[in-house]
Amino acid sequence: MREQNESTPDVEPVTGAYALGERPAGQLPPAVEIDPNDPPWGVIAALLTWFGSVVLLYVVPIFFLIPYVMYKGANGGVNPAGLLEDKTAIFLAVLSTLPVHILTLGGVWALVTRFGKRPFWRTLGWSWSRRVGFWTSAGLAVLLLAAGLAFTKLVGGEATDLDKVIQNSAASRITLALLAALTAPLVEELVYRGVLYPAMQRAAGMFWAVLIVAVLFTLPHVPQYMKNIGVIIVVFTLSLTLTLVRAFTGKLLPCFVMHMVFNGIQSVLILVGPYVDQTVPEVEHKAPALAALVQNFAHHLF
């Protein structure tokens, strides 16, 4: 009997209709071994999935803002500078992140499963590693967060667009915290460590794949954090660590738990921050550069 090691995928027993030699059209039988490091998609498809997820971050909010900005324009005009402080406009821009995540998840599912013809979670390597389980993943996230907060405190920097969102209204703050803790870690791990990394690793090797994925993860965060280089460095470090965990374990679930704990703790601090009168830390959350988005949109529409 073959000894199962870290790189050997789990093989499910053949049962039910499969045992009778039947299976749904286009479906792989459970006994087929799937290597998450050898995905059935290439670098171009992976990059298009990443690019699509970034484009959605800037396109979808426009459709949320159009009705409100037109309403404002019909009732006295739109002042782009004033719109930056408009609680409704900022809330709509934050809320638009939810359909962005849903659409991105749909795109990832279509690529990974080829519209239902392949298993989703097994193909992505959604399982635990023998070396990195839940508590190790959570512990690494806490260490990363503590180090990141200490580093940003030491480096300092100006307030970012995300600070403005957090301070704008309770509705925007709560919505942002929930999205950052619940949907952002899942969608981002599926795109970056689930789809992008294995395709890059097969084409360019582990070193370049880790570096490229870490950079591509950081790039969409730069517009909202461009006034604070310390936060950008922390985001890059987080991405680098998550991608290294994916590279050395071959599993995606530890990355998701690390990301969720990292964002979740910060989301809790954002929610309780106004009540304990403390400085709220930055959340790693790939929302659009909201202030610039609202201002530019209003400027070009009116």
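Here are four short exercises with worked solutions on the structure above.

The model is predicted, so to speak of local features a pLDDT of at least 70 is needed, side-chain atom pairs count only at pLDDT 80 or more, and totals for chains, interfaces and linings use all residues. Residues are numbered from 1 along each chain as its sequence is written, and side-chain values use heavy atoms, with hydrogens and water left out.

**Exercise 1. Describe how helix H3 lies against helix H8.**

Step 1: Start with the axes, which are lines fitted to C-alpha atoms, for helices over the stretch in contact, with angles running from 0 to 180 degrees between N-to-C directions. The axes of H3 (residues 87-95) and H8 (residues 170-182) come within 9 Å and cross at roughly 10°. Helices here are DSSP runs (H or I, at least four residues), numbered from the N terminus.

Step 2: Classify the angle. H3 is therefore roughly parallel to H8 (under 35 degrees; over 145 is roughly antiparallel, 65 to 115 roughly perpendicular and the rest oblique).

Step 3: List the contact (heavy atoms within 4.5 Å). H3 brings Lys87, Ile90, Phe91, Val94 and Leu95, while H8 brings Ala171, Ser172, Thr175, Leu176 and Leu179.

Step 4: Sort by class. Seven of these residues are nonpolar, two polar and one charged. Ala, Val, Leu, Ile, Met, Phe, Trp, Tyr, Cys and Pro count as nonpolar, Asp, Glu, Lys and Arg as charged, and the others, Gly among them, as polar.

**Exercise 2. Now do the same for helix H6 and helix H12.**

Step 1: The axes of H6 (residues 134-155) and H12 (residues 229-249) come within 9 Å and cross at roughly 160°. H6 and H12 are therefore roughly antiparallel to each other.

Step 2: On the H6 side, Leu144, Gly148, Phe151, Thr152 and Val155 take part; they meet Ile229, Gly230, Val231, Ile233, Val234, Thr237, Leu238 and Thr241 of H12.

Step 3: Sorted by class, this contact has eight nonpolar, five polar and no charged residues.

**Exercise 3. Decide whether Tyr197 and Ser53 are buried or exposed, and find their contacts.**

Step 1: Tyr197 sits in helix H9 (residues 184-204). Its relative accessible area is 1%, so Tyr197 is buried (under 20%; exposed is over 50%, partly exposed in between, with a 1.4 Å probe and protein chains only).

Step 2: Apart from neighbours within four places in sequence, the contacts of Tyr197 include Asn37, Met206, Val210, Thr243 and Arg246. Tyr197 and Val210 are 13 residues apart in sequence, and 7.1 Å apart in space from C-alpha to C-alpha.

Step 3: Ser53 belongs to helix H1 (residues 43-74). With a relative accessible area of 5%, Ser53 is buried. Leaving aside neighbours within four places in sequence, Ser53 touches Val100, Thr104 and Val191.

**Exercise 4. Describe the geometry of two of the eight aromatic pairs.**

Step 1: Recall that a pair of aromatic rings is described by the distance of the centres and the angle of the planes. Rings of Phe, Tyr and Trp (its six-membered ring) pair if their centres lie within 6.5 Å; planes under 30 degrees apart are stacked, over 60 edge-to-face and the rest tilted.

Step 2: The structure holds eight aromatic pairs. In one, Trp121 and Trp126 are tilted, at 4.8 Å centre to centre and 55° between the planes. Trp121 counts as partly exposed, at 40% relative accessibility.

Step 3: Trp128 and Phe134 are edge-to-face, at 6.4 Å centre to centre and 85° between the planes.

Note on methods
Helices (H or I, at least four residues) and strands (E, at least two) are DSSP runs, numbered from the N terminus.
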